[in-house]
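User: Please take a close look at one helix for me. I would like to know how it is placed and what it touches through its rings.

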Amino acid sequence: MYKWVDEDGGVHFSQTPPLNNETPVAQDQVQVHQTSGAVLVPALVDDQLYCGELKLPLETDRQRLSVKRLNDQVKHWSQSLERSTQALEQFLAPKKRSRYTSSYQKKSTFNEDLARYQKPVNEYQCAIEWANGKMDQVRESESAYAEARSKARQDLDVATAQMYRICGDEPEKYNEYGKKRERYLEWRRCTRKHSEVVREMRDRLRAVERNIY
């Protein structure tokens, strides 16, 4: 950050060096945080993540974090970051110094205003970087879920097919007496014997689905 004085004695602050006809004031350097990357990191306060004062979304039992939800949030934060950055750049544009304002008051007011303008920039950058990293984790989690669900579904299909291959398809409805009734009861005894594996595979599939929903 450069502080310089123009020909009329006006004090200016900018991120670029002054021109040749303007006098730099090297002894009054201004400390400004870099805005090219997030200078904040998410902090956990009472089970809630914050970037500064900006609250970050958390997954709950009723609402899981998804790539779509995070991507929509990044778009919203990016728009807010753009507006905040424009406001910061406008604040840093050269301005005339009031003749009635002392150099100490000018510097003190500038630093306070600068912190106020840069605060949302840092917060949105922190939130966007957090969301991008979280999206990578969610993609990995969703990929692992899809693989586990596919395997559980395949195991259930295999167990069901094996049961029907041994016992045959379910017979037609039977009368109270006759061969159809005997065939159906035999089929029920056979499926009851092999249905334990099918139930186990079905419970495993439901457990996988409950883990993500």
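Analyst: Here is a walk from the whole chain to helix H1, its rings and then the disulfides.

This is a predicted model, in which local features need pLDDT of at least 70 and side-chain atom pairs count only at pLDDT 80 or more, while totals for chains, interfaces and linings use all residues. Residues are numbered from 1 along each chain as its sequence is written, and side-chain values use heavy atoms, with hydrogens and water left out.

Start with the setting. The chain has 3 helices and 6 strands. Both kinds are DSSP runs, numbered from the N terminus: helices are H or I with at least four residues, strands are E with at least two. Along the sequence the order is β-β-β-β-β-β-α-α-α. Of the 213 residues, 28% count as buried. Buried means under 20% relative accessible area, exposed means over 50%, and partly exposed lies in between (1.4 Å probe, protein chains only). Take the contacts in the chain with a separation of 6 or more: residues 24 or more positions apart account for 61% of them. A contact here means heavy atoms within 4.5 Å.

Now the helix itself. H1 covers residues 67–92, which is 26 residues. From its first C-alpha to its last it reaches 36 Å, close to the 38 Å expected at 1.5 Å a residue. That expected span is 1.5 Å times one less than the number of residues.

Which residues of H1 are buried? They are Leu70, Val74, Trp77, Ser80, Leu81, Ser84, Leu88, Phe91 and Leu92. An α-helix has 3.6 residues a turn, so residues three or four places apart point the same way.

Next, the rings. The whole structure holds 3 aromatic pairs. Rings of Phe, Tyr and Trp (its six-membered ring) pair if their centres lie within 6.5 Å; planes under 30 degrees apart count as stacked, over 60 as edge-to-face, and the rest as tilted. One of the pairs is Phe91 with Phe110, which is stacked at 5.3 Å centre to centre, with 15 degrees between the planes. This pair links distant parts of the chain: Phe91 sits in helix H1 and Phe110 in helix H2, 19 residues apart. Phe91 counts as buried because its relative accessibility is 13%. Phe110 is buried too, with a relative accessible area of 7%.

Phe91 also forms a stacked pair with Tyr117, at 4.8 Å centre to centre and 20 degrees between the planes. Tyr117 lies in helix H2, 26 residues from Phe91 in helix H1. At 26% relative accessibility, Tyr117 counts as partly exposed. Ring pairs thus join Phe91, Phe110 and Tyr117 into a cluster.

Helix H2 brings us to the disulfides. A disulfide is a pair of cysteine sulfur atoms within 2.5 Å, and the count by this rule is 2. One joins Cys51 to Cys126, S to S 2.0 Å. Cys51 is in strand S5 (residues 48–51) and Cys126 is in helix H2 (residues 103–167), 75 residues apart. Both Cys51 and Cys126 are buried.

Another joins Cys167 to Cys190, S to S 1.9 Å. This link runs from helix H2 to helix H3 (residues 179–212), across 23 residues. The torsion about its S-S bond is about -80 degrees, so the disulfide is left-handed. Cys167 and Cys190 are buried. Numbered in sequence order, the bonded cysteines pair 1-2, 3-4.
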